[in-house]
Amino acid sequence: MQNGSGKRLYIQEVAPRDGFQNEKQFIETDEKIALVDRLSGCGYAKIEVTSFTSPKAIPALRDAEEVMSRIRRNPAVIYTVLVPNVRGAERAAACDVDEVNLVMSVSETHNRSNMRMTREQSFSQLSEIIRMLRGGRTRVNVSLSTAFGCPMEGDIDEAFMFDLMDRFAEQGIASLTLCDTTGMAYPSQVSSIATRARQRFGGLELTMHFHNTRGMALANTLVSLEAGIDRFDASLGGLGGCPYAPGASGNVCTEELVHMLDLMGYDTGVSMEGILSAGALLPGLIGHDTPSQIQKAGLRSKRHPVLSF
Ligand code: COA
Ligand code: ZN
């Protein structure tokens, strides 16, 4: 019943950024560094380490410089950071990051509340960063938030989104992520958008970033695979969420995603044992349980003793 046939997929861990940005309790810098170092040995293609945002907007990640400069880098992993503006890109460049993950929202309302800029102001900041970094060693990824719906506006204008993708692609970016910020994406919608994006931007590395707010993240992953998408953001323990998107909750859970893809015969490169043991540490770091079903249930291969009355 395996249909992945060993196809290589790329899993990008976002718990240190998307996960930790949404935690009420501040996670100590040394603990963040220890977690990233541990994740560096788990086989991820990319790890989003932190964000270079305003410490007033995202106090949980106010130690970005220290975390980024003290982690032990594995040359096989791309270390990326979220950046909202030129100031953030300058801070990231000073830490010699491998990639800046430039973020803006497809929804004007969400962009204004999350970035305190209009979409056009964000676009011009991000374009300036792309110009700044052109020809250098730092990769650029553009992440578009609320790509499948906005919790304030509802449906987004798909024509506007594809036009925005065109405008970034024209500037020569190599990779782009479509983010389902609050779990509004559903499979037929994802299938349609992913198929069109794949056809229109053949040369771009495309990532899908799903949140499991309404339980559809794995279903959305499956239809993305059918549309030819091979890169997925995921968060250890299913942590995550944007503090400026009402009702936001965790990303697709890395343990659940890798468990499913392993069973289907895909090659994720990620060590299931590695992420299970790393994920088991999270409740101790964040002070509460995680939504991971796999941490609760164990792997499908787990065998139980016979129960009797
Ligand atoms: N890093 C650190 N400080 C920054 C900064 C950055 N990237 N950008 C701006 N600042 C500082 C300025 O230096 C200024 O400091 P001062 O008050 O000491 O002079 C202050 O913040 C205000 O600057 P301004 O340009 O007016 O920014 P803002 O307050 O309008 O905030 C953003 C704009 C984009 C920086 C902020 O909204 C933000 O960080 N948003 C990110 C939200 C996020 O990460 N959401 C979750 C992920 S989707
Ligand atoms: Zn997210």
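For these notes, a residue counts as part of the shell around a ligand if one of its heavy atoms lies within 4 Å of it. I'm working from a predicted model.

**Entry 1: the shell of ligand 1**

I started with who supplies the shell. Helix 4 gives the largest share of the residues around ligand 1, namely three. I then checked for other helices with at least two residues there, and both helix 4 (86-94) and helix 5 (108-115) came up. The shell counts 20 residues in total, and the closest are Ser54, Asn85, Arg91, Asn114 and Arg116.

**Entry 2: polar contacts of ligand 1**

Which atoms of ligand 1 do asparagine 114 and arginine 116 reach? For asparagine 114, a polar side-chain atom sits 2.8 Å from a nitrogen of the ligand. For arginine 116, a side-chain N or O atom is 2.8 Å from an oxygen of ligand 1. Glycine 88 joins in through its backbone: an N or O atom there lies 3.3 Å from a nitrogen of the ligand. I also looked up the area: ligand 1 on its own exposes 920 Å², and the protein buries 68% of that. As for where the ligand sits, the space taken by ligand 1 is the largest pocket.

**Entry 3: arginine 116 again**

I went back to arginine 116 for its backbone. Its phi is near 55°, a positive value in a residue that isn't glycine. I find arginine 116 in the loop between helix 5 and helix 6 (119-133). Buried or exposed, with the protein chains alone as cover? Arginine 116 is exposed, because its relative accessible area of 77% is over the 50% cut-off.

**Entry 4: aspartate 96**

Aspartate 96 also caught my eye: its phi is positive at about 55°, although it is not a glycine. The residue lies in the loop between helix 4 and strand 4 (99-105). I get a relative accessible area of 42% for aspartate 96, so I log it as partly exposed.

**Entry 5: the zinc ion**

Next I pulled up ligand 2, the zinc ion. What coordinates it? I list Asp18 through OD, plus His209 and His211 through NE2, at 2.0 to 2.2 Å. Along the sequence, the spacing of these donors reads D-x190-H-x1-H. Aspartate 18 and histidine 211 are 193 residues apart, so to speak from distant parts of the chain: the aspartate is in helix 1 (residues 15-19), the histidine in the loop between strand 7 (205-210) and helix 9 (217-226). Aspartate 18 and histidine 211 are both buried.

**Entry 6: leucine 9**

I looked at leucine 9, in the segment before strand 1 (10-13). How far is leucine 9 from glycine 269 in space, C-alpha to C-alpha? The answer is 7.6 Å, with the two positions 260 residues apart in sequence numbering. Leucine 9 has a relative accessible area of 0%, so I put it down as buried.

**Entry 7: glutamate 158**

Last stop was glutamate 158, found in helix 7 (residues 158-169). I paired it with glutamine 21: the two are 137 residues apart along the chain, and their C-alpha atoms are separated by 28 Å. Glutamate 158 counts as partly exposed because its relative accessibility is 25%, which falls between the 20% and 50% cut-offs.

How values were computed: Residues numbered from 1 in each chain as written. Chains lettered and ligands numbered in written order. Predicted model: local features only at pLDDT ≥ 70, side-chain atom pairs only at ≥ 80, totals over all residues. Heavy atoms only, no water. Donors = N, O, S within 2.8 Å, 3.2 Å for Na, K, Ca; no water. Helix = DSSP H or I, 4+ residues; strand = E, 2+ residues; numbered from the N terminus. Buried < 20%, exposed > 50% of the residue type's maximum accessible area, 1.4 Å probe, protein only. Polar contact = N/O pair within 3.5 Å; in protein donor to acceptor, adjacent residues only side chain to side chain. Areas by Shrake-Rupley, 256 points an atom, 1.4 Å probe, with all protein chains shown as cover. 1 Å grid on protein atoms, 1.4 Å probe; cavity = no way out; pocket = protein on both sides within 12 Å on 5 of 7 lines; lining within 4 Å. Sits in = over half its atoms within 2 Å of the grid points.
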